[in-house]
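This briefing covers selected strands, helices and salt bridges of one protein model. Please read it alongside the sequence and the coordinates.

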Amino acid sequence: MKAILTICRMELGRVLTLKPAFSVLIVATLIYAAFYPQPYRTEALRHVPIAVVDLDGTDSSRQLARRVDASADVSVAAVFPDQATAEREVYARNLYGVLVIPQYFERELLHNRQSPVALYADASYFLIYQRISGGVAAVARTMGAEVETARLIAARVDPRIAAAASDPMPLIPVPLFNPQGGYATYILPAAFVLIMQQTLLIGVGLLGTYRNDALKTGPAASIGPIAVVAGKLLAYLILEVLIVPFYLIVVPYLYNIPRLGTPLSIFIFALPFVLAVSALGLIIAGLFRSPLTVQLVSAALGIPFLFLAGFSWPTEAIPPFLHAIAMLLPSTSAINGIVAVSQLGAPLSYVRPAFLTLWILAAVYILIAIALETGRQRRRPAAGA
């Protein structure tokens, strides 16, 4: 135990004195927390500018345009006399869609016939396209139901029956765990887990590639590989005792992200995650002896880790062989489990598969790290001889 504490004290000292590791493990953690959430603080897109081409020029067409403009999702930024002029503004990226109200729009409604409107939306921005199409469709459905209700009432149908006939199955959406339907509430909890993995992975990798003369001379030179790995892991656990609650409790509180889980359940689930990532960092340090190589490899793997994590694209839609690779990454199971525990308030029994997967990964990576440390210690006497 004394040997483990000795290595732990040495490793914590190196974290504070080795500038590259300190920059990644401490400074980068604060910078990410301060700047990464800023673009998503508005939560949802609002008042996306579109153009209206009113070829009818009647009260009904103007009412439709006013309702679209009054919606929270879409804003009518310009009204053009023809579609070609509106399309030029879309191609210039000044506007993101065109709503075309056809000629005889009101006449068709008055004759109890369908009067379709056309919406052209820029689908190269997927979130913008969703907001435009959803906002305009909601206004069109509401106005259509009102027209149908008014027609039935004019035909002497009871108003309650007329309202039910025009909208027989009203939908009342209730967004669970994300009341605002916001993008930040969806993406930030998962992104924070990925940030913790990347900073810890790079920091541990850098620590392992820089020389540590204390392990080669003096009393520490006789410490075995198991104690060395255990001491380093203990040091990283102590460091993450501050970082994990900062990212999973404090920062979500500052950005009003729903948090239904208890701090104890979050800490319990994060324990195997930190161990697995730390051990994986020791493996990377053992395989790539150069700090520059560690940084390049980690930077190259950052984007694949993002896409394999299963929150930018559903896990169910990822090819099976890629999903199998993703399960080797601690972030894959950690994102599913930590989001469920901290944000949704799920009990640990609900995330048992992810929890066990993290423990298995931690055990396997720790054994590999011990094997690499054993090989390093065996080569040291040979090099000295």
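Val98 of strand S3 has Tyr120 of S4 as its bridge partner. The model is predicted. The points below begin with S3 and its neighbours, go on to helix H6, and then take up the salt bridges and one position in helix H10.

**Strand S3 and its partners**

- S3 and S4 run antiparallel and are joined by 4 bridges.
- S1 pairs with S3 over 4 bridges as well, but in the parallel sense.
- Within that parallel pairing, Val53 has Val100 of S3 as its bridge partner.
- In a regular strand, side chains alternate between the two faces of the sheet.
- In S3, Gly97, Leu99 and Ile101 lie on one side and Val98 and Val100 on the other, and all of them are buried, so both faces are covered.
- Because 5 of the 5 residues of S3 are buried, the strand is largely enclosed by the rest of the structure.

**Helix H6**

- Helix H6 covers residues 126-154, and its end C-alpha atoms are 42 Å apart.
- That distance agrees with the span expected for 29 residues at 1.5 Å a residue, which is 42 Å.
- The buried residues of H6 are Ile128, Ile132, Gly135, Val136, Val139, Met143, Ala145, Thr149 and Leu152.
- These buried residues pack against four strands and two helices: S1 (48-54), S2 (74-80), S3 (97-101) and S4 (118-121), together with H3 (59-70) and H7 (159-166).
- S3 is thus among the elements that the buried residues of H6 pack against.
- Just after H6, Arg156 takes a positive phi of about 70 degrees.

**Salt bridges**

- The structure holds 11 salt bridges.
- Side chains of opposite charge can pair when their charged atoms come close.
- Glu146 and Arg67 form a salt bridge, with their closest N and O atoms 2.6 Å apart.
- Because Glu146 lies in helix H6 and Arg67 in helix H3, this pair ties together parts that are 79 residues apart in sequence.
- Both partners count as partly exposed, Glu146 at 39% relative accessibility and Arg67 at 25%.
- A salt bridge within helix H3 joins the side chains of Asp59 and Arg62, with an N to O distance of 2.8 Å.
- Asp59 and Arg62 are 3 residues apart in H3, so about one helical turn separates them.
- Asp59 is exposed, with a relative accessible area of 54%, whereas Arg62 is partly exposed at 37%.
- Asp158 forms a salt bridge with Arg160, and the closest N and O atoms of this pair are 3.5 Å apart.
- Asp158 is partly exposed at 33% relative accessibility, while Arg160 is exposed at 68%.
- Arg46, Asp73 and Arg131 are joined into one network by salt bridges that share partners.

**Ser265 in helix H10**

- Ser265 belongs to helix H10, which spans residues 263-287.
- The relative accessible area of Ser265 is 12%, so this residue is buried, the cut-off being under 20%.
- Leaving aside residues up to four places away in sequence, Ser265 touches Val341 and Leu348.

Terms used
Residues numbered from 1 in each chain as written. Predicted model: local features only at pLDDT ≥ 70, side-chain atom pairs only at ≥ 80, totals over all residues. Heavy atoms only, no water. Expected span 1.5 Å × (residues − 1). Buried < 20%, exposed > 50% of the residue type's maximum accessible area, 1.4 Å probe, protein only. Contact = heavy atoms within 4.5 Å. Pairing = 2+ DSSP bridges. Salt bridge = Lys/Arg side-chain N within 4 Å of Asp/Glu carboxyl O.
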